[in-house]
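Welcome! Here is a short guided tour for a newcomer, to be read with the sequence and the 3D view side by side.

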Amino acid sequence: MIVDFDSVARLPGNGDNIAIATRLLPAGTIIRTGEKNFPLSHAVLLGHRFAVKPIAVGERLLSWGQTFGIATQPIMPGDYVINADVLQELRRRSLDIDLPAAPNFENDLERYQFDAAGFQATAPLPYHQDMPHFMGYARRGNRGVGTRNTIVILGTSSLVAGFVRQLEKRLKDCAADYPNVEDIVAIAHTEGSHAKAHNLDLVLRTLAGFAVHPNVAAVLIVDYSAAAVNNAVLQDYLREHHYPLKAVIHQFFSLTQSFNDDLYAAEQIVRSWLPDVNRMERSPQHINALKIGLQCGGSDAFSGISGNPLAAWVAKEIIQYGGSANLAETDELIGAENYILDKVRDLSTAEKFLSVMERFKERVAWHGQSADGNPSGGNKFRGLYNIYLKSLGAANKKHPEVRLDYVIDYSEPMREAGYYFMDSPGNDLESVAGQVASGCNLIFFVTGNGSITNFPFVPTIKIVTTTERFSLLKDDMDINAGAYLDGTPMDVVGGQTLDYTLAVASGQLSVGETARHAQVQIWRDWQLDAPVILEPLQNRTYSGQPISIKTIGDTPAFSFKAYPAGKHYTGERVGLILPTSLCSGQIAQLCVQILNSNAKLRQSSISRFVSLVHTEGCGASPNDDFRNTLLGYLEHPAVNHALLLEHGCEATHNDYFRHAMRARGLEPRDYGWASIQLEGGIQSVMQHMVSWFEDQLTQSPRPKPITIGLNGLRIAIMTHGDHSEQAAATLARITGNLVQAGGTVVVHEQDSLLQSSYAAHLGLEPPPFPSLGYAQVIEFQGFHLMAMPTRDWGEQLTGLGASGVNVIVALVNHQPLPGHPMIPVLQLSEHPHGQTDLPLTGEPYADSDRLLNMLIATFTGDYLPNVLQSGNVNFQVTRGLLGVSL
């Protein structure tokens, strides 16, 4: 087959020696150019690259005129160009093509050298004379202009995440009676729970920016008073940094002893605001009030050719009208410094940009990482071979005629008009949160794979790079930048996109708002603040063998019903949808709601359906704890049927988990699989998931329980806050009884129990080395100590649950804490609160007997813990000691 080059490929720059395939090209295809014809050595995937000129060993590979690699083998015109990382990624995929036997280039980039002596400042672009308008909400207190009129329920820490989500659920429908109340949304996140966090200032600045954002009509700020970030701390920050909170309808609200009473009280506060918020109206506003956050996620080889240049074209127009644009994702500009600094306001701005880049690289290096870890599996699969190619494409969100005006820190307010760069990780959700907190009232999100990301109270306009992908996901995308690749002039596509932008700013719902799909994540904490010797942290191993303890008295005999689950037992059978990354989490949750409302399915052998929504799988450094955690839940005895849901462009996609399963001895065919992007979007994939569970349950016989004793029970114990010697003795007695009967108890290494009489009762002084790694599955019955690289309550729950325990016992002596969405969590307290399941009397013998009976009732399903009844649950995977956002 002979094809013209222009019909099947693109050269990003005139002097490039590497081309990008615009469709799948079979091996042997003859490429016809003006100079000569040449055959393709292998099939070349859409978005992947082939050589158009001979390249000798050691010579540079060029795209956009910039180096992205060095040839390690002679490369001839038509040769598939590929590095080791992409070759490994493609081998993980189920592809029906022959791949090259070896890579032919390696990543290499000369360190950027800035010439301060030769620097020349760039003048601003001239302003347009006309001034288009949109219909927006003018805000008092110099807050700017809102594109939405939203009531926000703002959680200050992860410890109130379950509460604000439940409050949103109770209030969601009441906005329908007030036409100008455009939504009521919860902001739940993973940060702020523990002291000495390295990201404390970032969290406070982000929460402060959310609270006074122009799209926020009113805000209820909710805290758990014992958390590091609570209302008092946030109030001080708002006041000291002069945020105009007085110009916003607001109230601070602290959780007390009763979850349900708190829900009712908070609901009444928000309901009382509805008439005032409804009186706020849109009015004509100049386009210069727009502040655009420029984002890309799920990028492909065409992001830098169609999608990002389109976003840059519109941003340039808005800047020339006197508005603002915000470019972020620091690590995704490494290698594009020359382009970004081609036009800059002044020398200090250029130097600050370079300083921010170096600071980012230094921080990730402390954790044994580099920006090379940024491109996800989806990026590589779609043609972004390394961070240099990704950065060169990402930098095209800045129009070549636009100068860089300001460099700001994460979530720092944008106070003047112009083009900004904001420090942030490449993690999409974390970066968007910072842009919103800085004041962006619209988000342009460019995607090659078809990311479905949206923010709760700022409209997200999703721009997809190719017509093929837009057609596949047309119900979830806003703009087809592929029209430019198909021949429509950029000025035409840009003008249409600007018109759509003004319509959305005026109240027209974006596609994502119509789907009611949104997520939030603040820049996650990191563990290290200086270089350390990494090897001891990277190579810890755990035996999995139980730890010997003292026995305590006689163990009472119990018998109860359970279902066999491999070598273990379970009291319930759960249907699990497991999102493989942060971007598929909410879709998994929406599908679970549908499944749990299906009366026919609930009468089957499944007791309930669960999704384990988290913030990992993309935008972070490689993390064994994450992989092991998700695999642990897939193996959990309570899980009867499980389906994995990928977004489609994450690092930990479905094929990644298929390989991980096989390495662990699991059979991928025993599980269901679904993909949001490959199956055509949200509605299609939800229909697929429901059908899969219906088919599985139709084919599954109803199980028969058998009688077991305490040897079949596996529990975890954890505590929060101070506790008495009597409480420690109660928990020691339970531990001794269960282990003596052949059961299993797991405690984590950071728990204060190990510094109390609990350890003395059981002969654990000093505490031994952990027998289990974080989330390591229990293979042998007995007492286990789990390694715990985190101080976050939700991450501790998650790690313990992944080990395979049936019930978690939590001693919580102050305000109630979240439970686990899948594993029942019994809360004990010496000072009972509204979600206490078992008040302790101070009599260890009596309390341990009562607790043992409640444990069995919980295991069998005869008792449902209060946190599960209320929905006050949380699930979050740790990043361990060396995980960082990328």
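Which residues are linked with Arg-524 in a network of salt bridges? The network is made up of Glu-191, Glu-430, Arg-524, Glu-616, Glu-795 and Arg-879. A salt bridge here is a side-chain nitrogen of Lys or Arg within 4 Å of a carboxyl oxygen of Asp or Glu.

## How to read this model

This is a predicted model, in which local features need pLDDT of at least 70 and side-chain atom pairs count only at pLDDT 80 or more, while totals for chains, interfaces and linings use all residues. Residues are numbered from 1 along each chain as its sequence is written, and side-chain values use heavy atoms, with hydrogens and water left out.

## Salt bridges

Side chains of opposite charge can pair when their charged atoms come close. Across the whole structure, a search finds 36 salt bridges. Within the network, Arg-524 forms a salt bridge with Glu-616, and their closest N and O atoms are 2.7 Å apart. Arg-524 sits in the loop between helix H16 (511–515) and helix H17 (535–538), and Glu-616 in the loop between strand E28 (608–611) and helix H20 (624–634), so this pair ties together parts that are 92 residues apart in sequence. (Helices, H or I with at least four residues, and strands, E with at least two, are DSSP runs numbered from the N terminus.) Are these two residues buried or exposed? Arg-524 is buried at 5% relative accessibility, and Glu-616 is buried at 2%. Buried means under 20% relative accessible area, exposed over 50%, and partly exposed in between, using a 1.4 Å probe and protein chains only.

Now look at Glu-182, whose side chain meets that of Arg-148 in a salt bridge (4.0 Å, N to O). Glu-182 belongs to the loop between helix H3 (161–171) and strand E14 (183–187), and Arg-148 to the loop between strand E12 (145–146) and strand E13 (150–155), so the pair joins parts 34 residues apart in sequence. Glu-182 is partly exposed at 28% relative accessibility, whereas Arg-148 is buried at 3%. Glu-182 also meets the side chain of Arg-282 in a salt bridge (3.0 Å, N to O). That second pair links distant parts of the chain, 100 residues apart, with Arg-282 in the loop between helix H6 (259–278) and strand E17 (283–286). Arg-282 counts as buried, at 19% relative accessibility.

## Cysteines

How many disulfides does the structure hold? It holds 0, a disulfide being a pair of cysteine sulfur atoms within 2.5 Å. For Cys-296, the nearest cysteine sulfur is that of Cys-649, 11 Å away. Cys-296 is buried, with a relative accessible area of 2%.

Why is Cys-591 without a disulfide partner? Its sulfur is 18 Å from the closest cysteine sulfur, in Cys-583, which is too far for a bond. Cys-591 is buried too, with a relative accessible area of 0%.

## A parallel sheet and its helix

Strands of a sheet pair through backbone hydrogen bonds, either parallel or antiparallel. One open sheet here has 4 strands in the order E28-E27-E29-E30, with parallel pairing; two strands pair if DSSP finds at least two bridges between them. E28 and strand E30 (672–675) stand at the edges with a single partner strand each, so one side of each has no neighbour in the sheet. On average, neighbouring strands of this sheet are turned by 20° against each other, direction ignored.

Strand E27 (residues 574–579) and E28 run parallel and are joined by 4 bridges. Among the bridge partners, Val-574 is matched with Arg-608 in E28. Helix H18 (residues 585–596) packs on the sheet, where it touches E27, E28 and strand E29 (639–646), and its direction makes about 170° with that of E28. Contact means heavy atoms within 4.5 Å; axes are lines fitted to C-alpha atoms, for helices over the stretch in contact, and angles run from 0 to 180 degrees between N-to-C directions.

## Backbone details

A cis peptide bond joins Glu-765 and Pro-766, with omega about -10°. Pro-766 is found in the loop between helix H24 (757–762) and strand E34 (782–786).

His-242, a residue other than glycine, has a positive phi near 60°. His-242 is exposed, with a relative accessible area of 70%, and lies in the loop between helix H5 (231–240) and strand E16 (249–254).
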